[in-house]
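Please open the structure in your viewer and keep the selection tool at hand. The tour below goes from stop to stop, saying what to select and what is to be found there.

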Amino acid sequence: MNELTTFDLPTHIAYSQSITANITINLSHSCAQAMSLADLVQLSPVDFTNINLEYASLRGSEELRLAICRYYQQYSQSVLSKSNSLSPDDVVTFCGGQEALAAIYQTVLKPGDEIVVFTPCYPSLISMAEQMGCSVNIVELNQANAWQFSIDEVESLMSAKTKLLVLNSPHNPTGGVIDTNLSKQLLALAIKYQCYLIADEVAQASNYYQLPLTNDYLSYDKAISVGVMSKSLGLAGVRIGWVVSKNQAWLSQLIAVKATGSICISAIDQALAICALMHSNEIIDNNNRLILKNIDLVKHFINEYNHLFEWVEPKAGMLALVKYLGSEGVEVLSANMANNYGVLILPSKLFGLSGNFFRLGLGQNNLSTGLGALKDYCTDFKPT
Ligand SMILES: Cc1ncc(COP(=O)(O)O)c(C=O)c1O
């Protein structure tokens, strides 16, 4: 008898791990382009060899949390709530955004609770709740509505039983956004039903069209924002994520959960994150320029191959869903791309959306080589 509790790998990770071919290009990458350590440390006069390799503090250093406040205020907080300014006490750091999300779920949810999540989505937003015995009410995004949703659709899934509303904007994997106006309506719903609200804003700084994407979520004491080094900043190797909230009691609980997990962030990562956040304008500008260039490349590609591919251009972030129209279907395309060209393409079913879509990552500097491989596939396999 198997006495172990069963945990499944997140679907997109399980799929990537199951591929035996040698992958050299990830066309579904969810991050902006990474920098080398050498390029990052050049930005800062700090001598990294002097870092004291002690445990870091439980919350993360004051300097790091101050840098996170500034980053959050620049990219997320609306002008209105800037007067109610943030302090480092409103921030707790984690080893990545995923650890932060897991801690939030653990502090908020009990078996039998209901949560509202949008699909397709970052898989753990659903699987963590299911694993905890919660029921998940799903707002289905679809291409016909350009991946947008109405506030009525969301409210139709909410009731006094709703414990948590999970928002993610710019959205993984559709590239849709919750603008300032919509954020007000969503916040009003959370307040009406007195549920907790997660604003997963890991790609918030990738706002290359400078849309009005700021929000006032943190004026509500049951709201929390999640940020991370990996997505807009492209620094997934600096394993630091964070939460920002005005609810001190909740933050204390999150620290207690973290103390049974990673305990604290790495002192080396902490120094690197401070350096990156102090230079975030420069890093984000570079990354956003590359995303815009890549959007242009994809537009040209889709214009040329419009009998096989279509998409809704993303509004922000570095992800989009592309529909594959070839008769063999997206899963055959994905297998062939991996086995014959070493290119990873993740079908949308891994994110909870059936149909012939795949996630396209727009943040990487090898995107044009990946598109070249897709062209080769079209020439070699002659899909119709
Ligand atoms: C929407 C979303 N939130 C959170 C995370 C977690 O970020 P990290 O993997 O850096 O911990 C991811 C990662 O893919 C994500 O896509």
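Begin on the surface by selecting Y55, L58 and I263, which together make a nonpolar surface patch of about 320 Å². Bear in mind, here and at every later stop, that this is a predicted model. Within the patch, I263 belongs to the loop between α9 (248-258) and α10 (267-278), and at 36% relative accessibility I263 counts as partly exposed.

From that loop, move on to helix α10 and select Q270. Is Q270 buried or exposed? With a relative accessibility of 12%, Q270 counts as buried, because the cut-off for that word is under 20%. If you show the surroundings of Q270, leaving aside its neighbours within four places in sequence, you will find it in contact with A56, G60, S61, L64, I240 and I265. One of these deserves a closer look, since the side chain of Q270 reaches the backbone nitrogen of S61 at 2.9 Å.

Now select the ligand together with the residues around it. Which residues come nearest to the ligand? There are 14 residues around the ligand, and of these G97, N172, D200, S230 and K231 come nearest. Take the polar side chains in turn: an N or O atom in the side chain of N172 is 2.8 Å from an oxygen atom of the ligand, a polar side-chain atom of D200 lies 2.5 Å from a nitrogen atom of the ligand, and a polar side-chain atom of K231 lies 2.7 Å from an oxygen atom of the ligand. Of the 390 Å² of accessible area that the ligand has on its own, the protein covers 91%.

Next, select helix α6, residues 124-131, in which S124, L125, I126, M128 and A129 are buried. Colouring the surrounding elements will help here, as the buried residues of α6 pack against the helix α5 (97-108) and against β3 (114-119), β4 (135-140), β5 (162-168) and β6 (196-200). Following the chain onwards from α6, you come to G133, whose phi is positive, near 80°.

The next stops are pairs of charged side chains. Side chains of opposite charge can pair when their charged atoms come close. The count of salt bridges comes to six, and three of them can be visited here. Select D113 and K163, whose side chains meet in a salt bridge at 3.3 Å, N to O. This pair links distant parts of the chain, with D113 in the loop between α5 and β3 and K163 in strand β5, 50 residues apart. At 12% relative accessibility, D113 counts as buried.

For another pair, select E313 and K299, which form a salt bridge with the closest N and O atoms 3.7 Å apart. Here E313 sits in the loop between β9 and β10 (319-324), while K299 is in helix α11, residues 280-304. E313 is partly exposed at 33%, and K299 is partly exposed at 32%.

Then select E331 and K349, whose salt bridge is 3.2 Å from N to O. E331 lies in helix α12 (residues 330-341) and K349 in the loop between β12 (346-347) and β13 (357-361), 18 residues apart.

Finish at E310, in strand β9 (residues 309-311), which is partly exposed with a relative accessible area of 32%. Its contacts beyond four places in sequence include Q143, I302 and L321, and the side chains of E310 and Q143 are joined by a polar contact of 3.3 Å.

Terms used:
Residues numbered from 1 in each chain as written. Predicted model: local features only at pLDDT ≥ 70, side-chain atom pairs only at ≥ 80, totals over all residues. Heavy atoms only, no water. Helix = DSSP H or I, 4+ residues; strand = E, 2+ residues; numbered from the N terminus. Buried < 20%, exposed > 50% of the residue type's maximum accessible area, 1.4 Å probe, protein only. Contact = heavy atoms within 4.5 Å. Polar contact = N/O pair within 3.5 Å; in protein donor to acceptor, adjacent residues only side chain to side chain. Patch = residues over 30% accessible without salt bridge, like charges linked within 9 Å, V, L, I, M, F, W, Y side chains within 5 Å. Areas by Shrake-Rupley, 256 points an atom, 1.4 Å probe, with all protein chains shown as cover. Salt bridge = Lys/Arg side-chain N within 4 Å of Asp/Glu carboxyl O. Near = heavy atom within 4 Å.
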